[in-house]
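These are my notebook entries on one structure, kept in the order in which I looked things up. I begin with the contacts of a single residue and then turn to cores, strands and cysteines.

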Amino acid sequence: MAIRAYLRFTLAILLLSTLSTALYEDQVGLADWHQKYIGKVNHAVFHTQKTGRKRVIVSTEENVIASLDLRTGDIFWRHVLGKTDHIDQVDIALGKYVITLSSEGSVLRAWNLPDGQMIWESILDVSAPSKSLLYVPASMSAGKDNLILVSGGSSIYALSSIDGQIVWRKELPINSIEIQQISQSHESDTIYAVGFVGSSEFVVYHISYRTGEVLQQSKSSFGSGFCGETSLVFDDTIVALDGQRSSLVAIGFKNGIINLHQTYISDLIPEFSGNVKLLPSRFNGMLAIDIASSIILLRVKGINELEVAEKINRPSAITASLPISKEQQAFAIMEHSKSGIHFKVKFDNDLTNEVLRETLHMDSQRGNVEKIFINSYIRTDRTHGFRVLVVMEDHSLSLVQQGEIVWSREDGLASIVSSAMFELPVEKEGVSVAEVEHNLFEWLKGHFLKLKGTLMLASPDEMAAIQAIRLKSSEKNKMTRDHNGFRKLIIVVTRAGKVLALHTGDGRVVWSVLLPALRRSGKCGNPSALSLYQWQVPHHHAMDENPSVLVVGACGQNSDLPGVLSIIDSYTGKVLNSSMLEHSVRHIIPLPLTDSTEQRLHLIIDGYLHAHLYPRTSDSVKIFLQEMPNIYWYMVEEGKNIIRGYSLESRELNTYDEYVFRTKQLWSIVFPSESEKIIATATRKMNEVVHTQAKVTADDVMYKYISKNILFVATVSPKAAGNIGSAAPEEACLFAYLIDTVSGRILHRVSHQGAQGPVNAVVSENWVVYHYFNLRAHRYEMSVVEIYDQSRADNKDVWKLVLGKHNLTAPVSSYTRPDVMVKSQSYFFTHSVKSISVTSTAKGITSKQLLIGTIGDQVLALDKRFLDPRRSVNPTQSEKEEGIIPLTDSLPIVPQSYITHSLQVEGLRTIVTTPAKLESTALVFCYGVDLFYTRIAPSRTYDSLTEDFSYALLLLTIVALVAAIFVTWALSEKKELREKWR
Amino acid sequence: MVVSVSVFRWHCKARVTARWEAIALVAMQVSSFPSSNETAVPIYREREIGGSDIHRWIHFLAHAMMRSAAAAAAAFINSPPPFLFIVLISSHLLSLALAASPSSEEGYMITGRLKLGGATSKEFGLPSKPTNAKVILNGGQRITFARADGYFSFHNVPAGTHLIEVVALGYFFSPVRVDISARNPGTIQAALTENRRVLYELVLEPLKEEQYYEVRNYKLFCTVSTNSEEHLCILFILLQTREPFSIMSLVKSPMGLMMGFMILMVFIMPKMMENIDPEEMRRAQEEMRAQGVPSLSNLLSRGN
């Protein structure tokens, strides 16, 4: 009873102190940081006119269109387009509008260059997904050239660049034509549309630019066919690659007469073998082809004459040509060599001369150059200077000018695949992280600088250095562990295969490493990182070793391609071990076991359902074999609508490999595919801590059904599997299952008639919260399901406890027949949701908050109490005391409880929470295109003083108390003396 | 008439109340003649706020000027948070008929308009340009952006019931249910899902503005002074404090409670002791001495 009273008391205290934990505006940036990224750049257009700010417009793989400051790399504006709205091409029209063509040529938008306001949007009716082209005439003679040409499939559109109205539309008579190139003749208002019909026929249309009228049409066919790659070398000549990719076909179509000439690549390049690609670049009289080992520039002297102009060895990159004057065009080449990256600029009419040659030194962790974009400027001595925008292998973006990197952006962070939080080293002698290694000289220098600063002798540069030192040594940015556990390293792996460690204090990159195992190579064609795990976290045994990270990747999407493993020191970023696996990676199971050096055991399931144990030491096998009968795992096959549960069998499979185990299927749940389709699953976090199993209510005790093996599965009727608006309420149905993954038992099943996905769910302790769309009300709903263990319900009898007749000490097993009671309730929720997560704290005492990533890319913290199935319209007095909120039909959205306050985490994908050491506080890291980090206290920081705590008042009180002691002592002395005299 | 506006932002720690933080000071100078005397209040450290904010302030001051300056000043004095009544009327009064035009054989076009409540000076930092406004169909299936005049459209939307959401930082928009009828092509019905209000035209307005930060207690001081006969200086000072300083909050704090208890003990205990019979008191004291519990006074006196 006492315990219950105590619990209720603490609960009441916690509840009283909850609700608003909002920020004041001047507290922004104290505990949080926000970083804006754009992703890997695909296209770039420079805008460097004499007046105004110089900027570069880029479009990226993350469907971002952005305007960057050319001086600093800062974002002026940016827009994240829809998920399926891939940007195909970007250009600038009229000098003030940014034109983007997206969604496979069907959406054309114009954005205002200075502020990014959308000016107009045109939807083009493109019959089939095909290669789309955007052609913005370059010459700016006023009034004439304001038509934008877009081609897709067999149609050509001309749109006014002022308002996006379609001026004319030409549907070419041959239906299966695929337009490859559009060019404009110099002399007349004629445009040439060049296309292929089928694989072997070649068609040229001469179309009037003003009206879209077909002036002339000519056709020709080529026996061995085309593969579809072309390059425009003159206004009236293109070079195409033939069907076998072994020869080049030069096609001239001047005045409607088509000339074809075939040249074998092996005639041009004797050592050539293998595959060839045409590089999409517009050179005057030249084309660039990409054979595996090098890039080759070919000069087209006439239809019949191609010759090798230059050979550039890989790894290298080449820009498109940039017109400098009427007859000259410049292009740039970047070539890797041992001494650095050579950057060369040449004019196309004189390849032997290098206009510019510079050697760059780039961080080796950035990998190879992938793409470069060139731009020129006029130097003070009236010569041309060149700057290039460089996209590196790690997706970072840099601007190079005069042999220096002016700025660079770590844009790989826009595509984080997986993340984990790691501890920093303990503060003691000799332990420190990579960059903060101080020697005596640096220490002295720092102090000298500080002294100078206090004596007002420092120059502005030195002041900046002092500021940097202060920032580094300031409490939140230190590279050591702190008492509250706020300072940590966030280690992330990006899609480019780069692993970066970010400091939670200010989000700076502490170290970064481009994993060699995840770089493209002959053995591993298209590697991708899968996930990141804690490999070694030394606690007691291997204290001298640094903790390390395991990164698992695979050589492509296919499930039978081999996987790769890398182990990285989490303090320094050194790759400790990197290996290519002999088997594929289908599923990774981190086990709650560690070996004697505190390396965590991991099981990797391959495509043949064999389990491979890592680390491969005899020690780990010994530990593993003891625990093997207790290891179960499951696999959700979403395409097949099957969930299967497995256990492991002792090794009979491979006598020569003791780390491989056979698996045995224990159970399977097959959802009938005509009525149900799996759309979402969710499980509890492995490392979640539950403080108490008992939930004390006003007049009762309930026991939570706490099992690590609960799997939440949501299925919908197949008709409702599409988007909202595609299904009627009558044909839609959503089923939610709670499944025990050891026994395959369905603990609970609930159906929501007239509901459909997308479903976002989170499982924690004994409850699951899921978000779905209710078609009848046409609103989003969130449901909560809480499960309680009825088999322990009779333990609340005090006499049983006293007499020892309770079953509290009975082991919990998934094989015992569960006797569960389920409570659930549903509420409306306004917004679409991208991701749901739940706060986790060190001991699980603090009440929980749901972190809901809304469609507006904000993260809302919603108290779990709003999703309590015991909420009723009129709660009783005791329920009110307990903190039960009266029932409302919808969940409240309090703007102050957005943890992202007035920021947006563009393209939000995932919300990760990690407990701090301080029980009240959880660390939250959200990522998408942007990164956001903050720490939140769901029940306020009840275990530490707030930052606006008045220490002066405390001191004053102590002084006052001491003074009072002495005064009263003197008084009592006096009184005692008086009494003695009496 | 010339209005010259200077905007300052300055932080000060006043002597008495340490937490005062003045966020803005707006000086409006009204003169009947063009005047070069722009520095209205030179005593404060000047710091400019971003360009758009100045723009906004000018906007609101211009509106204020439409009434009379004096009336505006009076109104400011009467209502504490000054931004509440500054409502700017949207200049576009175009109405939009609610209809879907069949844009192609595949589907219909939904066209609507976004109406953000004009520029409001509710907060200095938050931009409310429609550049930030995104319009989302069916939970992310398609995303479009509002143009400068607020218009947006979705093309090739099939018949059925759809959901449109608007994302604009600083505003709370209700999702809109849009029914495109398959039987009568071209008829569209729209309703807000939050309050089931039926929209006769697809003009989306925010239900409310969202304030992402804890609201501070604002106090407005206004002084009107005349430099010379032509110049009228109106000085608005917006003062804010994190928590209003009050004696009660001090008393209620743990420190205050401790102090209160101590004072209580110091002054009331002796009074209570006096009421006890001296004989009994002595007995009790002897008992205590016998038990060897040293009293504080004894301890201190022994130290001497």
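**Entry 1, one phenylalanine.** I listed what B:Phe173 touches, leaving out residues up to four places away in sequence, and found A:Thr830 and A:His831 together with B:Leu114, B:Leu116, B:Val166, B:Ala168, B:Leu204, B:Glu205, B:Pro206 and B:Leu207; contact here means heavy atoms within 4.5 Å. I noted that this is a predicted model, in which local features need pLDDT of at least 70 and side-chain atom pairs count only at pLDDT 80 or more, while totals for chains, interfaces and linings use all residues. Residues are numbered from 1 along each chain as its sequence is written, chains are lettered from A and ligands numbered from 1 in the order in which they are written, and side-chain values use heavy atoms, with hydrogens and water left out.

I then placed B:Phe173 in the loop between strand E9 (171-172) and strand E10 (176-180) of chain B, where strands are DSSP runs of E, at least two residues long, numbered from the N terminus, and helices are runs of H or I of at least four. B:Phe173 counts as buried because its relative accessible area is 3%, and buried means under 20%, exposed over 50% and partly exposed in between (1.4 Å probe, protein chains only). B:Lys208 is 35 residues from B:Phe173 in sequence, yet their C-alpha atoms are 7.3 Å apart.

**Entry 2, the cores.** I looked up the largest nonpolar core, which has 36 residues, and A:Val58, A:Leu389, A:Phe925 and A:Leu931 have the most contacts inside it; such a core is a set of buried Ala, Val, Leu, Ile, Met, Phe, Trp, Tyr and Cys residues joined through side-chain atoms within 4.5 Å. Another core, of 25 residues, lies apart from it and includes B:Phe173 and B:Tyr108.

**Entry 3, a sheet.** In chain A, I found four strands forming an open sheet in the order E35-E36-E37-E38, with antiparallel pairing, where two strands pair if DSSP finds at least two bridges between them. Its edge strands, each pairing on one side only, are E35 (416-423) and E38 (509-514). Five bridges join E36 (residues 488-494) to E37 (residues 498-503), and A:Val492 stands opposite A:Leu500 in E37.

**Entry 4, cysteines.** How many disulfides are there over all chains? The search of the whole structure finds zero, a disulfide being a pair of cysteine sulfur atoms within 2.5 Å. A:Cys733 counts as buried at 8% relative accessibility, and A:Cys926 counts as buried at 0%.
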